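This report describes a structure through its backbone features, its overall dimensions and its charged pairs. The sequence and coordinates are shown first.

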Amino acid sequence: MVEEIGTTTEGDLIINVGPQHPATHGVLHLVITLNGETIKKIEPHLGYIHRSIEKMCESLTYRQFIYVTSRMDYLSAHINNHACALCVEKGMQIEVPARAEVIRVLMDELTRIASHELWWGAMAMDLGAFTPFFHAFREREAINEIMEETCGARLTMNYMVPGGVMQDLHPDFQRKVKEFIILFKRKIDEYDELVTGNIIFQNRMKGIGYISPEDAIAYGCSGPVLRGSGVSCDVRKIYPYGIYGQLNFEEVLETAGDSFARYMIRIREMKQSIRIIEQLIDNIPEGDFVAKTKAVLKLPKGEFYTRVETARGEFGVYIVSEGGTTPYRIKFRSPGFSNLSALDHMARGSKLGDLVAMMGTLDLVIPDIDR
Amino acid sequence: MFITNYIKDVFGALKSLAVGLKRTGYYFTHHKEIITEQYPDNRDTLVMADRFKGEVVMPHNENNEHKCTGCTACELACPNATIKVITKFDITPEGKKKKAIDKLVYHLELCTMCNLCVVACPSDAIVMAQTFEHSVYDRSELTKVLNKPDSKIMEGIE
Ligand code: SF4
Ligand code: SF4
């Protein structure tokens, strides 16, 4: 008898799948209804990391609230900060100096590479390979060192401020980034040798966790998850912010819609990020790194929304201002939340063993989902 | 047809494994490219980046003078009430009352190293130190007074 997927009937096994990904250390737990080995339903349970960040932001000034967002998607800290800075700049109509714009994009793209590196290592480890994890961290370390020198931190930088960036680039920045580009181009081919071409990985990812373009849109997926289904959605291309409109890079698209497509998106996206960095690293304009702003920022009455493309997808900041020094209400649109909501749909009908690959290619960061 | 595909698959699989193993072999024979840091054994040689945000400190010169005027800009800038500026009134040589700091209390355990206080300080009185090993047995040891005992404000800082 074929039982209906999506319902629980007598005799079904309900299990809890606990920490599996380094980024889900005990804070994401999946309640899975199983019929034999077939997944009938998945309910993600969250809640242990909730910090009510949005509520907290209501008591922070426009300079202060930005740093909180580094603590949400800590692997895309720069890009989150960028979105908030953009929103305040939009409200106050602050002109950002050209040098700051270039620095911001450089930092964003380095962050994107670092985030995808970590994902790649963690993903391979989920599927049982340990070597890639170390290799990924080795290259990520080079980026972390660059960040540490210029921004003073490795994860929660708080480097972007309304009007520009907090400090000027470190004198070694250009040299180190150029060294990194050379190193990375050599290493990314190794990644393909180790994982991409490997038959075991391919068999475990191809055809697993399929989501159609229509369904992916319906679930509000964004970033590599949506683009893996062939839908063009790169915010940098469709709603360019900063100087992205003037840059030469491709929006990476794959059409298969399965885990392998999402894997390939991220691998190819890293190469595009390198391409962007190469265009900018020799052309950093001289000048101010931050615009002159008042000590106390006051947004005019109204509603402001900006969005950026983080390593995981579209991140949006929505500010409602009553004209004071603190926001009246803030809402963040985080990519991980919608991407996770599609997991149930992707996984129904597939085997429990394949769940790990599916979750891996969603690239979940839990504080980003449960704010 | 099935059998040719099967054989092709097997050969493809073996090839992909061999390519991966070649990489493993390469690193097995090239130890120099492995960059593991031996912390904490490398403490003596460990150099932190100049801008690394480890903790907020107030530099004093050789005459035990600092640059803090007690303006409380850092306290206002801090998002999580890490800094508390306690002010007092000094009597200047001319006999006038002048505001100065009594204590600048800093709660390291609350600090998120966001650097906002350092940027906000109009007289560059506080900076980020590169220390990062902050673990102690008692939480109260993390509450620090940044200005040294009997320190004075530097000449010419208003
Ligand atoms: S670094 Fe940030 S959290 Fe720490 S004292 Fe300064 S403003 Fe406060
Ligand atoms: S440290 Fe700087 S900002 Fe803070 S009270 Fe002293 S002078 Fe003012």
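In chain B of this predicted model, Pro40(B) sits in the loop that runs between helix H1 (2-29) and strand S1 (55-57). The peptide bond joining Tyr39(B) and Pro40(B) is cis, with omega at about 5°.

Chain B also has a residue other than glycine with positive phi: Thr72(B), where the angle is near 65°. Thr72(B) belongs to the loop between strand S2 (65-66) and helix H2 (73-77) of chain B. Its relative accessibility is 24%, so Thr72(B) counts as partly exposed.

A positive phi is found in chain A as well, at Asn158(A), with a value near 50°. Asn158(A) is placed in the loop between helix H5 (131-151) and strand S4 (160-161) of chain A. With a relative accessible area of 1%, Asn158(A) is buried, whereas Thr72(B) is partly exposed.

**Chain A as a whole**

Chain A contains 15 helices and eight strands. For its 371 residues, a compact globule would have a radius of gyration near 21 Å, and chain A agrees with this at 21 Å. The C-alpha trace spans about 70 × 50 × 30 Å along the principal axes of chain A. Of the 371 residues in chain A, 61% are buried. Considering contacts in chain A between residues at least 6 apart in sequence, 70% join residues at least 24 apart. The accessible surface of chain A is about 13900 Å², and carbon and sulfur atoms account for 54% of that area.

**Charges and salt bridges**

Chain A carries 41 positive and 49 negative charges, and the mean positions of the two sets are 4 Å apart. Side chains of opposite charge can pair when their charged atoms come close. Over all chains, the structure holds 35 salt bridges. Three of the pairs, including their closest N and O distances, are listed below.

| Salt bridge | Closest N and O atoms |
|---|---|
| Glu54(A) and Lys331(A) | 3.9 Å |
| Arg175(A) and Glu179(A) | 3.1 Å |
| Arg227(A) and Glu269(A) | 2.5 Å |

Which parts of the chain does the pair of Glu54(A) and Lys331(A) link? Glu54(A) is in helix H1 (residues 53-57) of chain A and Lys331(A) is in strand S8 (residues 329-333) of chain A, so the salt bridge links distant parts of the chain, 277 residues apart. The two partners have these accessibilities: Glu54(A) counts as buried at 14% relative accessibility, while Lys331(A), with a relative accessible area of 38%, is partly exposed.

The pair of Arg175(A) and Glu179(A) lies within helix H6 (residues 173-196) of chain A; because the residues are four apart there, about one helical turn separates them. Arg175(A) is partly exposed at 42% relative accessibility, and Glu179(A) is partly exposed at 43%.

For the salt bridge between Arg227(A) and Glu269(A), the closest N and O atoms are 2.5 Å apart. Arg227(A) belongs to helix H9 (residues 224-227) of chain A and Glu269(A) to helix H11 (residues 259-281) of chain A, so this pair ties together parts that are 42 residues apart in sequence. Both Arg227(A) and Glu269(A) are buried. These two residues are part of one network of salt bridges with shared partners, which also takes in Glu109(A), Arg112(A), Asp234(A), Arg236(A) and Glu309(A).

How values were computed: Residues are numbered from 1 along each chain as its sequence is written. Chains are lettered from A and ligands numbered from 1 in the order in which they are written. This is a predicted model: local features need pLDDT of at least 70, side-chain atom pairs count only at pLDDT 80 or more; totals for chains, interfaces and linings use all residues. Side-chain values use heavy atoms; hydrogens and water are left out. Helices (H or I, at least four residues) and strands (E, at least two) are DSSP runs, numbered from the N terminus. The radius of gyration is taken over C-alpha atoms; the globule rule is 2.2 Å times the number of residues to the power 0.38. Buried means under 20% relative accessible area, exposed over 50%, partly exposed in between (1.4 Å probe, protein chains only). Contact means heavy atoms within 4.5 Å. Accessible areas come from the Shrake-Rupley method with a 1.4 Å probe; for residues, only the protein chains shown count as cover. Lys and Arg count as positive and Asp and Glu as negative; His and the chain ends are not counted. The place of a charge is taken as NZ of Lys, CZ of Arg, CG of Asp or CD of Glu. A salt bridge is a side-chain nitrogen of Lys or Arg within 4 Å of a carboxyl oxygen of Asp or Glu.
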